[in-house]
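Please find below a short set of remarks on the structure. They are arranged as numbered points, to be read with the sequence and the model in view.

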Amino acid sequence: MSDTRIIKKYPNRRLYDTAISRYITLEEIRQLVIDGVEFKVEDKRTHQDITRSILLQVIAEREENGTPIFTNELLQFVIRYYGDPMQASITRYLELSLRLFAEQQQHFTEQLRNMLGQAQQPLQILKELADRQKPIWKSVRREFIRNLSDRAKSIKAKLPET
C-alpha cells in the first residue's frame with residue numbers, strides 16, 4: 001500500500017479524502033501540509049494530479065483571509081520570472097532559501113530554549129546567535145548571484161554579435 005494519501009476532487013469541487021472516507025475542506029488540506037502528511041489530489045474524472053492547483057488555492061485563501069506573506073512587490077517579482085530563462089534558477093533559489101530558513105528557525109528555537117533557560121543576559125545571547133547566522137545567508141545570496149551571472153554569460157554567448 002502507498003504511503004501517499006489520495007484525495008479525490010469531484011466535479012462539484014468537493015474534496016474527498018479516501019484515507020478517512022469523508023469530504024474535507026481546504027483548511028484540512030492546509031493541516032495535512034502542516035502535519036507533513038504526503039498526499040496527492042486527483043481529479044475524479046480524469047485521474048490527473050491536481051495537487052499543485054489545490055495548494056495554490058490554499059495559499060490564495062490564506063493570503064485573502066489572513067496576514068499575507070506575499071507582498072505586491074514579491075508577487076510582481078515572481079510574475080516577472082515566468083517564461084524568463086532564469087525561471088528554473090529562481091524556483092530553486094526560493095526552494096533552497098525557504099528550506100534553509102525552516103531549518104535555521106528550528107535550530108534557532110532549540111538553541112533559544114536551551115540558552116535562555118540558563119542565561120544571565122538573554123539579549124546578548126540573541127545577538128550572538130544572529131551574528132552566527134549572517135554567513136549562512138551571505139553564502140546563499142552569493143550562490144544565487146553566481147548562478148545568475150553564469151546564466152547571463154551563457155545567454156550572452158548565444159546572442160549573435162551585431
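How far apart are the mean positions of the positive and negative charges of the chain?

1. Charges. The model under review is a predicted one. The chain carries 27 positive and 22 negative charges, and the mean positions of these two groups are 3 Å apart.

2. Secondary structure. There are 5 helices and 4 strands in the chain. In sequence order, these elements follow the pattern β-β-β-α-β-α-α-α-α.

3. Overall dimensions. The radius of gyration of the chain is 22 Å, whereas a compact globule of 162 residues would have a value near 15 Å. The C-alpha trace spans about 65 × 55 × 35 Å along its principal axes.

4. Surface and burial. Of the 162 residues in the chain, 19% are buried. The chain exposes about 12700 Å², and carbon and sulfur atoms supply 54% of this area.

5. Contacts along the sequence. Among contacts in the chain with a separation of 6 or more, 47% join residues that are 24 or more positions apart.

6. The largest nonpolar core. This core consists of 11 residues: I7, L15, I24, L26, I29, L32, F39, V41, I50, I54 and V58. Two or more of its residues come from each of α1 (26–34), β4 (39–43) and α2 (51–65). The most is given by α1, with 3 residues. As general background, nonpolar side chains tend to be buried together in soluble globular proteins.

7. V41 within the core. Which residues does V41 touch, leaving aside those up to four places away in sequence? They are I7, K9, L15, Q48, D49, I50, T51 and I54. Both V41 and I54 also appear in the list of residues that form the largest nonpolar core.

8. R99. This residue is placed in helix α4, which covers residues 87–116. Is R99 buried or partly exposed? R99 counts as partly exposed because its relative accessibility is 45%, and the class of partly exposed residues lies between the limits of 20% and 50%. R99 and H47 are 52 residues apart in sequence, and their C-alpha atoms are 30 Å apart in space.

9. L148. Helix α5 (residues 122–158) contains L148. With a relative accessible area of 30%, L148 is partly exposed. L148 and S89 are 59 residues apart in sequence, while the distance between them in space is 7.7 Å, C-alpha to C-alpha.

How values were computed:
Residues numbered from 1 in each chain as written. Predicted model: local features only at pLDDT ≥ 70, side-chain atom pairs only at ≥ 80, totals over all residues. Heavy atoms only, no water. Core = buried A, V, L, I, M, F, W, Y, C linked by side-chain atoms within 4.5 Å. Buried < 20%, exposed > 50% of the residue type's maximum accessible area, 1.4 Å probe, protein only. Contact = heavy atoms within 4.5 Å. Rg over C-alpha atoms; globule rule 2.2 N^0.38 Å. Areas by Shrake-Rupley, 256 points an atom, 1.4 Å probe, with all protein chains shown as cover. Lys, Arg positive; Asp, Glu negative; His and termini not counted. Charge placed at Lys NZ, Arg CZ, Asp CG, Glu CD.
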